[in-house]
Amino acid sequence: MQPSVPIVMTLAGSDPTGGAGIQADIESILSMGGHAVPVITAVTVQDTRDVVGLAPMDGELIIQQARTILEDMPVAALKVGLLGSMEAVEALHALLNDYPELPLVLDPVLAAGGGAALADEEMVDGILQLLVPRTTVLTPNTLEARALARGSDTLDACAMALLDQGAEYVLITGTHERTSEVYNTLYGNHRRLEAFPVPRLEGEFHGSGCTLSAAIAALLAQGTAVPVAVHEAVSYTWHSLRAGRRLGMGQMLPNRLFWAREDADDEDDSGDDLRTPH
């Protein structure tokens, strides 16, 4: 008997600020109507400005965490964020080989928002060779897309290279570009499918990529088609950022439970219906 709530497994690092990583994934999945089962891949030492320490989990422990849940609960989708080590990449690859039917949303976290490197060249190559070919939706920002598709001279070319590597869809997010709007562009079937522009917000935010990718995974777990899931997740993420709060001395943190406000607007600034998450 299937549960009434879709179950989403997130494999990511723990963020003590609550702004990104596992903590962000849990809130996003909950907000989109899912139940999160978190598998910790690394413990970070960080504040709202940057990561200052990283302790990767043992690869076997990552597999044990995941398998124990996968053998007990009907997980409907996977979301992967920070891995922290090549050992974790290889562990995840082994796990994916045993569950090829599960849709996978991969957020290739290569650096912290403050600039600290979180992956070396070996890990980048490992992600490309071992994980991207199993990915349903790959969600790099423009910096990550260029790092993964080395030698590509445009973002469109980056996306095509990542599709050629085996990803079913690639969603390149545009928060790091110097544009008046943020363009989030979806690619699939060896072509550019659709752009999802949103107004650019002032300030810097911690955890926007985690929010977006986890929301997509929660929607895929409900059987939502990828383009629709991306559209809804982009809108949800933008509202979370717009309602964001400065709780520390660095970047703002998304308010992923914005919809719980009693004074929530019925419409967003672009005229789209602001629907209560699933």
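Throughout, a residue is called buried when its relative accessible area is under 20%, exposed when it is over 50%, and partly exposed in between (1.4 Å probe, protein chains only). By that yardstick Ala145 is buried, at 0% relative accessibility. Ala145 sits in helix α5 (residues 142–148), where helices (H or I, at least four residues) and strands (E, at least two) are DSSP runs numbered from the N terminus. Between Ala145 and Ala233 there are 19 Å in space, C-alpha to C-alpha, and the two are 88 residues apart in sequence.

A word on the ground rules. The model is a predicted one, so local features need pLDDT of at least 70 and side-chain atom pairs count only at pLDDT 80 or more, while totals for chains, interfaces and linings use all residues. Residues are numbered from 1 along each chain as its sequence is written, and side-chain values use heavy atoms, with hydrogens and water left out.

Now for the overall fold. The protein chain has eight helices and nine strands. Its radius of gyration is 17 Å, close to the 19 Å that the globule rule gives for 278 residues, so the chain is as compact as a globular protein of that length. Here the radius is taken over C-alpha atoms, and the globule rule is 2.2 Å times the number of residues to the power 0.38. Along the principal axes, the C-alpha atoms fill a box of roughly 50 × 45 × 40 Å. Of the 278 residues in the protein chain, 53% are buried.

Next come the charge pairs. Side chains of opposite charge can pair when their charged atoms come close. With a salt bridge taken as a side-chain nitrogen of Lys or Arg within 4 Å of a carboxyl oxygen of Asp or Glu, the structure holds six of them. One of these joins Lys79 to Asp25, at 2.9 Å from N to O. This pair links distant parts of the chain, with Lys79 in strand β4 (residues 75–80) and Asp25 in helix α1 (residues 21–31), 54 residues apart. Lys79 is buried at 0% relative accessibility, and Asp25 is buried at 0% as well.

Helix α1 also takes part in another bridge. Glu27 and Arg256 meet at 2.9 Å, N to O. That pair connects helix α1, home of Glu27, with the segment after α8 (226–242), which holds Arg256, across 229 residues. Glu27 is partly exposed at 28% relative accessibility, whereas Arg256 is buried at 1%.

A further bridge brings Asp98 and Arg67 together at 2.5 Å, N to O. Asp98 lies in helix α3 and Arg67 in helix α2, so the contact ties together parts that are 31 residues apart in sequence. Both ends are partly exposed: Asp98 has a relative accessible area of 44%, and Arg67 has 24%.

Finally, the surface. Asp58, Glu60, Glu87, Glu90, Asp120, Glu121 and Glu122 form a negative patch. Helices α3 (86–98) and α4 (121–131) are the elements that give two or more residues to this patch. Patch members have over 30% relative accessible area and no salt bridge, with like charges joined within 9 Å; Asp and Glu count as negative, and the place of a charge is CG of Asp or CD of Glu. Accessible areas come from the Shrake-Rupley method with a 1.4 Å probe. Among the patch residues, Asp58 lies in the loop between β3 (51–56) and α2 (59–70). Asp58 is partly exposed, at 42% relative accessibility.

Definitions and conventions. Patch = residues over 30% accessible without salt bridge, like charges linked within 9 Å, V, L, I, M, F, W, Y side chains within 5 Å.
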